[in-house]
Amino acid sequence: MQNELFEKAPVHKAYFKFALPVVLSMVISLVYNMVDTYFIAQTGNTNLVAGVSIGAPVFTLMIALGDIFGLGGSSVISRLFGQKLDDDGKRLSVFCFYGAILCGIVVAAVMMLFRGPILHLLGANEETMVYASEYYTYIVLGAPFIIVALTPSNLLRTEGFATASMTGTVLGSVVNIILDPIFISVLGLGAAGAAIATVIGNVCADIFFVWFLLKKSQRLSVNPVGFHITGGEIGQIFAIGIPACITNLMQSIGMALTNRYLLPYGNDKVASMGIVMKINLIAVLILVGFAFGAQPLIGYNYGAKNKARLKEILRFCYGFECGMAAVIAVILSLAAPAMIGIFMPDASIIATGVPMLRMQQIGMVFVAVVLVTTCTFQSAGKAVGAFLLSVSRQGVIFAAVIVLASQITGYYGVLMAQAVSDILTAVLAVWLYGRGIHKEIRTAL
């Protein structure tokens, strides 16, 4: 492990060494999402676009479940490495890998069993059911591969292999991008084709990660021989992994709530929001990459009790993240008409989507504050703070805001709900940070 990078390198150098590969992998994932949306939108079938948008929270759910073992495991393992307990870190990495596989199998079985009720709950109606069902079915069948991919991609960064983590993620996304037009357009599989391409891309990523763990890694493992783990250690992983999972699960719930509250205004509104949410990933994924890319650095120094360096790292993280959020929000707001038009050059879709996208950007700086604070709590093993933030931005706070806003101001209340929720959650994040981490590091010499 590159101890020099964790312990002594200039903060900005160490930060970008860890964060940039994560951001690059996020950008490639973003390109995949945009290509996926582009080829689906090119069918010109609004109901198909809306159907895939309705099914999209299912894929987000898979990512959320992967975070239990990926982010939860990396949080504990990075702190163990900071304490020089490398053998314990290796044991926990084995549990995370096989735990993710088992989770994927169970989830696939349960979700296939309750496919109809879940699709109705997500908002599928008579016009969109067939497309939503096609996408849902193949994504769910691929759940084990999708969930497993999230585990080593996070764990490798605890050993300093940020570039390898990026390589696996990029490989999966590139395969996905190549297969999208073939399955969606050439073979005419539509929504099913998009889902199949996604699953195959994740299978390729899984193969790379397993190979790297077997051949290159010294402190992580997939070898179950001699493996053992205590209930307390599982509890530590789940204490951080479950809040991390809830963060993405809340995103799925937020997407589903938005779709349901837009349905009374027409499927074209749902289709427009589906495109807008994909574009909005430009801001969110880049911010997530820069925030959580620093997680091994924060966790290692927290575990090593290097308060002075931790304080310097966090100061840099907050400043850089908020500045980046402001720049991205301005760019996306100005480019809104052109970007929506790329996906679906329909005048009504563009007219509907532009205010949607611009309203999403209002809360971006506040999202940055929430992301860095959440990452800090997860890295330090502060389960309560991580949990509260996880259930707020697109969960409890968002649900309360969208219900009230839709009743008070109708359609535009639905559009503004996310930005208002971002602001309120950022206030909560600052309060929690002041009561927790800040008290621990403010006495640093």
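Start with the radius of gyration. For 445 residues, a compact globule would come out near 22 Å, and this protein chain has 21 Å, which agrees. Keep in mind that the model is predicted. Along the principal axes, the C-alpha trace spans about 60 × 45 × 35 Å.

Next, the interior. Of the 445 residues in the protein chain, 60% are buried. Take the contacts with a separation of 6 or more: 84% of them come from residues 24 or more positions apart. As for secondary structure, the chain has 20 helices and zero strands.

Now the surface. The accessible surface of the protein chain is about 16800 Å², and carbon and sulfur atoms hold 70% of that. Where is there a nonpolar patch on the surface? One is formed by Val 174, Ile 178, Ile 182, Val 186, Leu 187 and Leu 189, which together have about 510 Å² of accessible area. Val 174 sits in helix α8, which covers residues 162-186. Val 174 has a relative accessible area of 35%, so this residue counts as partly exposed.

Last, the cysteines. How many disulfides are there? The count is zero, with a disulfide taken as two cysteine sulfur atoms within 2.5 Å. Cys 375 is in no disulfide: the nearest cysteine sulfur belongs to Cys 317 and lies 7.1 Å away. Cys 375 is also buried, because its relative accessible area is 1% and the cut-off for buried is under 20%. Cys 103 falls under that cut-off too, with a relative accessible area of 17%, so Cys 103 is buried.

Note on methods:
Residues are numbered from 1 along each chain as its sequence is written. This is a predicted model: local features need pLDDT of at least 70, side-chain atom pairs count only at pLDDT 80 or more; totals for chains, interfaces and linings use all residues. Side-chain values use heavy atoms; hydrogens and water are left out. Patches are made of residues with over 30% relative accessible area and no salt bridge: like charges are joined within 9 Å, nonpolar side chains (Val, Leu, Ile, Met, Phe, Trp, Tyr) within 5 Å. Accessible areas come from the Shrake-Rupley method with a 1.4 Å probe; for residues, only the protein chains shown count as cover. A salt bridge is a side-chain nitrogen of Lys or Arg within 4 Å of a carboxyl oxygen of Asp or Glu. Helices (H or I, at least four residues) and strands (E, at least two) are DSSP runs, numbered from the N terminus. Buried means under 20% relative accessible area, exposed over 50%, partly exposed in between (1.4 Å probe, protein chains only). The radius of gyration is taken over C-alpha atoms; the globule rule is 2.2 Å times the number of residues to the power 0.38. Contact means heavy atoms within 4.5 Å.
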